[in-house]
Amino acid sequence: MEIKQAVIETDHLSYCFRGGEKVLDDINLSVPAGSIYGFLGPNGAGKTTTLRLLLGLLRCENPGIRLFGHQLHTSRIEIMRRTGSLIEQPSLYLHLTGQENLEVFRRAYDCPKSRAEKVLSITGLSNAAHKKVKAYSLGMKQRLSIAVALLHDPELLIMDEPTNGLDPNGIIEIRELIRDLSQNQGKTVLVSSHLLTEVEKLATHVGIIHQGRLLFQGTLAGLQNLQRQQSLLEIEVDKLTRAEQILSTHFQVLPKHGFAVQVVCPDADQAALINYMLVSGGVRVSRLGVAGNDLEKLFLQIISA
Ligand SMILES: Nc1ncnc2c1ncn2[C@@H]1O[C@H](COP(=O)(O)OP(=O)(O)O)[C@@H](O)[C@H]1O
Ligand SMILES: [Mg+2]
C-alpha cells in the first residue's frame with residue numbers, strides 16, 4: 001500500500017476557550033498529501049475551532065500541530081507560504097472588479113502578474129473579471145475569495161464550509177472547482193461541511209467530528225464500508241412500544257423516532273425476519289426500509305459499530 005505523507009497532523013489536540021468547557025478533545029487529525037479531506041460534523045461540533053487552530057488564528061501551545069512536517073508554532077511563516085485559506089466571510093472590495101480585487105491582493109502578497117489571470121481562469125471567473133464584485137452572485141464572490149487564497153500558489157487549501165448559503169448551482173461549481181484543484185492543480189484540500197451528502201460527493205478522505213471528538217477518520221471507501229456493515233432499518237408500525245419489545249430481543253433498537261422503530265441491523269437481508277417477528281407478534285407493518293442517509297443516522301451507526 002502506498003503510504004502518503006500527512007500534510008496536516010495533530011497530536012492529541014484539545015482546546016477550550018477561556019473559562020469554558022473543552023471544545024476539542026483529543027483530536028488526532030491526519031490529512032494525507034493529495035487528498036480532499038472532508039471534515040464533517042454538525043453545527044457546534046468544533047470544525048471552525050479546529051481549522052482556526054491549524055492556521056494559527058487561535059492561541060494554542062500544543063506542539064503537536066504540524067503542517068508539512070513542521071511545528072506550527074516554530075515555523076509559522078514557512079507554513080503560511082504554503083497554505084491558502086478561506087475561513088471567515090471574505091473581505092472583498094465590492095466597488096472594484098474581480099480583476100481589481102485580485103490586483104490589490106497580488107501586490108500585497110508580491111505575486112507575479114500572470115498569477116492573477118491564472119487564478120481567474122482556475123476559478124472560472126475570466127469572463128467576469130471586469131464586472132464589479134457587487135454585481136457578482138454569492139457563488140462568484142466565493143470563487144473570487146478562493147482565487148485570492150490561491151494567489152501565492154499554496155500546496156494546501158483549507159476551507160471552512162465554502163458552500164454555505166449557496167444555491168444548488170453555486171454548490172456544484174464550488175465542488176467542481178475543489179475537484180479541479182485536487183486533480184489538476186495538485187493541491188491538498190481540507191474542507192469542512194455539516195452535510196454528509198456533500199462530503200460523500202467530493203472527499204477522498206473523511207474525518208467526522210462530534211462534540212469535539214473525532215469519531216471516525218479514514219478513506220471515503222472505509223466510511224462507506226462501515227455504513228454497509230451497519231444498516232439502519234426504519235419500520236413504520238401501528239404499535240410502537242410492542243414492536244420495540246419484540247425487536248429488542250434480537251436487535252439493537254434506537255430511541256423513539258416519530259411513528260417508526262429504528263433498528264441497527266448488521267445485514268439488510270434480515271428485513272424479512274423482522275417483518276415476520278412483528279406480524280406474528282400482532283404488530284401491523286406499514287413500511288419497512290433502509291433509513292435515509294444523513295449525518296445523525298451515521299453517528300448512531302458509528303457509535304453502535
Ligand atoms: N469564541 C468562542 N468563545 C467561546 N466558545 C466558542 C467560541 N467559538 C466557538 N465556541 C464554541 O465552541 C464549540 C465549537 O464551535 P465551532 O468550532 O464554531 O463549531 P462548528 O464550526 O463545527 O460549528 C461550540 O460549542 C461553540 O459554541
Ligand atoms: Mg463552523
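## Two domains and the area between them

Buried area here is the accessible area, taken with a 1.4 Å probe, that two parts lose on being put together, summed over both. With that in hand, let us walk through this predicted model. The domain assignment splits the chain into domain 1, residues 6-219, and domain 2, residues 230-304. Their C-alpha centres are 39 Å apart.

Put together, domain 1 and domain 2 bury about 690 Å² between them, and 82% of that area is on carbon and sulfur atoms. On the domain 1 side, the residues that lose the most area to domain 2 are Leu-196, Ile-208 and Leu-215, which together make up 57% of what that side buries. In terms of contacts, 12 residues of domain 1 meet six residues of domain 2.

## What the domain 1 side is made of

Which elements of domain 1 each supply at least two residues of the side that touches domain 2? They are helix H7 (196-202), strand S11 (205-210) and strand S12 (213-219). Sorted by class, this side of domain 1 has seven nonpolar, four polar and one charged residues.

How many salt bridges does the rule find across the interface of domain 1 and domain 2? The count is zero. Polar contacts give zero residue pairs between domain 1 and domain 2 as well, with both residues required to be at pLDDT 80 or more.

## Around ligand 1

Now to the ligand. The residues surrounding ligand 1 are Phe-17, Val-23, Pro-42, Asn-43, Gly-44, Ala-45, Gly-46, Lys-47, Thr-48 and Thr-49.

Some atom pairs here may be handy to pick out in your viewer. Two of them involve side chains: an N or O atom in the side chain of Thr-48 lies 2.7 Å from an oxygen atom of ligand 1, and one in the side chain of Thr-49 lies 2.5 Å from an oxygen atom of ligand 1. Ala-45 takes part through its backbone, where an N or O atom is 3.2 Å from an oxygen atom of ligand 1.

## Salt bridges

Side chains of opposite charge can pair when their charged atoms come close. By the rule used, the model has 15 salt bridges.

One of them joins the side chains of Glu-9 and Arg-66, at 3.5 Å from N to O. Glu-9 belongs to strand S1 (residues 6-10) and Arg-66 to strand S6 (residues 65-67), so this pair ties together parts of the chain that are 57 residues apart in sequence.

Note on methods
Residues numbered from 1 in each chain as written. Chains lettered and ligands numbered in written order. Predicted model: local features only at pLDDT ≥ 70, side-chain atom pairs only at ≥ 80, totals over all residues. Heavy atoms only, no water. Domains from an automatic or database assignment. Contact = heavy atoms within 4.5 Å. Salt bridge = Lys/Arg side-chain N within 4 Å of Asp/Glu carboxyl O. Polar contact = N/O pair within 3.5 Å; in protein donor to acceptor, adjacent residues only side chain to side chain. Helix = DSSP H or I, 4+ residues; strand = E, 2+ residues; numbered from the N terminus. Nonpolar A, V, L, I, M, F, W, Y, C, P; charged D, E, K, R; others polar. Near = heavy atom within 4 Å.
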